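Work through the exercises below with the sequence and the 3D view open. Try each task before reading its solution.

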Amino acid sequence: MNRNGIHFLSLIFVLVIGLSHFAIGQYNELSAPAPGDIGNPIDPSHIAIDANNSMYIPYIFVNEEDVIWKKTIWEIIDLKQKTNLPFYFPTINNGYLSSERISLFRILLDAIESGQISEIYRTSNFNEKLTLEEVRDNLYLRKLSDFGVSKANAGETLTEDDYDIYEIQSDKILQYWIKGAWYFSKRVGSLRYQIIGIAPVAPDVTTLDDPSNQGINVSEDTLVPLFWVWYKDAREVLSKHKVYTGSNVTRLYSYDDYLVSRKFHSVIYAEENIYDDRSIREYITESAIQQLFEAERIKESIRNFELDIWGNQ
């Protein structure tokens, strides 16, 4: 081994030891069963899942002391992309196509309403939990129609027919935003990825009275995350439902398999950074093309990390 190689290995050794001591005080987001457990010591035996009796492969326990590098990123899964259509359909939830075919949004919402998923939050910081009523408020709007306004101004008695109802259903979900972490563990010796949270994204329900927000090509400025789900809390539910891709209905992935194995097309819209995790659009405002280039740069920096670790030995 030449002098440069020895110097590089020495540097890595110092980095591993130094970051290991630093990691002891870090939050354990990768292994925390729920957001409320972040920052507390995690006993692996308390969160272990019996793989033989589970419908999904559990995440490995990650000891923060073993993590020498980690980057949290936020991505957009655009449902207009052909690769991502399995997350969008079916838009009709009446069992007409098949009692087994349910959209990702419907699965999440039904599980929230039944209590199977309880870790629901307002933002991807997972520090402001939402109640079921608050989730429903984000999906439903009851507003006086123009005719109802006229009746109210005239002092006439209003009925339910005087109200327009706007509701977010599967057909209104145009994107999913996911928060995930790429990390390198010295124990495993490879770069790994873990989904931390997922959010369905649709036009703000208060904008649905505008006809321009009724189709699939609505302005991105009106799109909002309806709620954020702590992904570990959703894995069991998602593992019980299959994704219909249209290619081979005899060999189907579960929604959890499809997401965990990243069988989707996505674009990075933010990375963990010193500027309050600001999004790419906040510091590159003049050009959408430049925003895509920046997203690719971030993606490339993640790919290059593992190559740099092993390629310089």
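A residue is called buried when its relative accessible area is under 20%, exposed when it is over 50%, and partly exposed in between (1.4 Å probe, protein chains only). The model is predicted, so local features need pLDDT of at least 70 and side-chain atom pairs count only at pLDDT 80 or more, while totals for chains, interfaces and linings use all residues. Residues are numbered from 1 along each chain as its sequence is written, and side-chain values use heavy atoms, with hydrogens and water left out.

**Exercise 1.** Find V201, state whether it is buried or exposed, and list its contacts outside its neighbours within four places in sequence.

Solution.
- Step 1: V201 belongs to strand β6. Strands (E, at least two residues) and helices (H or I, at least four) are DSSP runs, numbered from the N terminus.
- Step 2: V201 has a relative accessibility of 0%, so it counts as buried.
- Step 3: Contact means heavy atoms within 4.5 Å. Beyond those neighbours, V201 touches K172, I173, L174, Q175, Y176, W177, L223, V224 and P225.
- Step 4: Take Y176 from that list. The C-alpha atoms of V201 and Y176 are 5.5 Å apart, although 25 residues separate the two in sequence.

**Exercise 2.** Describe the largest nonpolar core and say which element gives the most to it.

Solution.
- Step 1: A nonpolar core is a set of buried Ala, Val, Leu, Ile, Met, Phe, Trp, Tyr and Cys residues joined through side-chain atoms within 4.5 Å.
- Step 2: The largest such core has 54 residues, and F87 and Y176 have the most contacts inside it.
- Step 3: Two or more residues come from each of β1 (67-78), α3, β5 (175-185), β6, α6 (231-238), α7 (255-260) and α9 (288-311).
- Step 4: Helix α3 gives the most, with seven residues.
- Step 5: A separate core of 21 residues includes L30, V67, A199 and Y269.
- Step 6: In soluble globular proteins, nonpolar side chains tend to be buried together.

**Exercise 3.** Examine helix α3: which of its residues are buried, and what follows the helix?

Solution.
- Step 1: The buried residues of α3 are L104, F105, R106, I107, L108, L109, A111 and I112.
- Step 2: That is eight of the 11 residues, so α3 is largely enclosed by the rest of the structure.
- Step 3: Just after α3 comes G115, with a positive phi of about 90 degrees.

**Exercise 4.** How many salt bridges does a search of the whole structure find, and how do D110 and D209 each take part?

Solution.
- Step 1: A salt bridge is a side-chain nitrogen of Lys or Arg within 4 Å of a carboxyl oxygen of Asp or Glu. The search finds 19 of them.
- Step 2: D110 pairs with R106, the closest N and O atoms being 3.0 Å apart. Both residues lie in helix α3 (residues 104-114), four residues apart, about one turn of the helix.
- Step 3: An α-helix has 3.6 residues a turn, so residues three or four places apart point the same way.
- Step 4: D110 is partly exposed at 32%, whereas R106 is buried at 12%.
- Step 5: D209 pairs with K143, with 2.4 Å between the closest N and O atoms. D209 lies in the loop between β6 (190-203) and β7 (223-225) and K143 in strand β3 (residues 140-144), so the pair ties together parts 66 residues apart in sequence.
- Step 6: D209 is partly exposed at 33%, and K143 is partly exposed at 35%.
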